[in-house]
Amino acid sequence: MKQDLLGLKDLSAEEIKNILETAKSMKVVLTSPSKKTPHLQGKTVVNLFYENSTRTRLSFELAAKYMSANAANISSSGSSVAKGETLIDTAETINAMGTDILVMRHDMSGAPHLIAPLVDASVINAGDGMNEHPTQALLDMFTMLEKKGSIEGLKVAIVGDITHSRVVRSNIYGLKKLGAEVTVGGPATLVPQGIEQMGVKVFTTVHEAIVGADVVMGLRIQLERQKKGLFPSVREYNRFFGIDETRLKFAKPDALLMHPGPVNRGVEFSSSVIDGPQSVINEQVTNGVAVRMAVMYLLSRGGFK
Ligand code: CP
């Protein structure tokens, strides 16, 4: 039976560890001169994106090509989606062309969960609304593991727009399963009520959120998902929650600075920390390709167990 990757909520710690271990081998391929393996020879990967993307879409495409798969992209503009075709009809059409892996990004939480039982292809959630972005969290955890040696016991502080972030939800599921301590911080209007039930500590000042952290992760302020102003202005957000060199000193001296991207420079982080020695933002992007290679390879072999 095929397996999908719809979220880290559904995976066990062992399955997550297996993906991260496989990604280590994929990173060796990625950093070799030829960047080519036959792992997905004869397979077809289709990226179906209903929302904008640079990193996720390109890294899935490159990951598929590095593993010798046939790779194609469809976006909602420029396809029959723009003529009114439904998500289900679109997905079934792509499935009927012999697709083995369907990578989906959609603005509706639960869209990949709706499609997965209807198609033969393995479905990978590349971000659904405010729900999950599992491969982003996997690449974040891979980067932490590479830099810190272990996830267990790490103190990870996540600061920003918690309410609208699918990245934070996937990271909380994954990091908690691997034994990290997670704190979240942001303006009270951008922290959803009840998030403590996911096993995280919540703070409404940046100092409390990041003090003593091993990892400081910023989240993009998602103005496009806010129907009404949830804080007075971007400048105000930066004044209270923006992280610069002075605020980064609240964390441990060797803390990693992470961000899923795209970053609003001068809002979540100052340019001095984005381009500074603690930033691993570009390494996250590189690791995204290795992790997506691992996920697609394991799915093509039947799953993550
Ligand atoms: N981190 C992330 O999902 O970036 P993109 O929107 O560019 O894919």
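**A ligand, a pocket and a cavity**

Modeller: Lys 35 lies in the loop between helix H1 (13–30) and strand E1 (44–49); helices (H or I, at least four residues) and strands (E, at least two) are DSSP runs numbered from the N terminus. This is a predicted model, where local features need pLDDT of at least 70 and side-chain atom pairs count only at pLDDT 80 or more, while totals for chains, interfaces and linings use all residues. Residues are numbered from 1 along each chain as its sequence is written, and side-chain values use heavy atoms, with hydrogens and water left out.

Biologist: What makes Lys 35 worth pointing out?

Modeller: Its phi is positive, about 50°, although Lys 35 is not a glycine. Most residues other than glycine have a negative phi, and most peptide bonds are trans. The bond that joins Gly 261 and Pro 262 is cis, with omega about -10°. Pro 262 is in the loop between strand E9 (256–258) and helix H10 (271–274).

Biologist: Which residues surround the ligand?

Modeller: They are Ser 53, Thr 54, Arg 55, Thr 56, Arg 105, His 133, Gln 136, Pro 260 and Gly 261; each counts because one of its heavy atoms lies within 4 Å of the ligand. By class, this shell has one nonpolar, six polar and two charged residues (Ala, Val, Leu, Ile, Met, Phe, Trp, Tyr, Cys and Pro count as nonpolar, Asp, Glu, Lys and Arg as charged, and the others, Gly among them, as polar).

Biologist: Why is the pair formed by Arg 55 and the ligand called a polar contact?

Modeller: A polar contact is a pair of N or O atoms within 3.5 Å; within protein, one must be able to donate a hydrogen and the other to accept it, and residues adjacent in sequence count only if both atoms are side-chain atoms. A polar side-chain atom of Arg 55 is 2.6 Å from a ligand oxygen, so the pair qualifies. His 133 has such an atom 2.9 Å from a ligand oxygen, and Gln 136 has one 3.0 Å from a ligand nitrogen. The protein covers 91% of the 260 Å² of accessible area that the ligand has on its own (Shrake-Rupley method, 1.4 Å probe; for residues, only the protein chains shown count as cover).

Biologist: How do you know where the ligand sits?

Modeller: The ligand sits in the largest pocket, which means that more than half of its atoms lie within 2 Å of the pocket's grid points. That pocket has a volume of about 480 Å³, the space filled by probe spheres set on points joined across faces, edges and corners. Among its 22 lining residues, Arg 105, Arg 166, Arg 220, Gly 261 and Pro 262 are closest to its centre.

Biologist: What makes a cavity something other than a pocket?

Modeller: On a 1 Å grid over the protein atoms alone, a cavity is a set of points where a 1.4 Å probe fits but cannot get out, whereas a pocket is an open set with protein on both sides within 12 Å along at least five of seven lines; lining residues have an atom within 4 Å of a point. One cavity of 30 Å³ or more is found here, and the largest has a volume of about 90 Å³. Helix H11 (281–300) gives the largest share of its lining, four residues.
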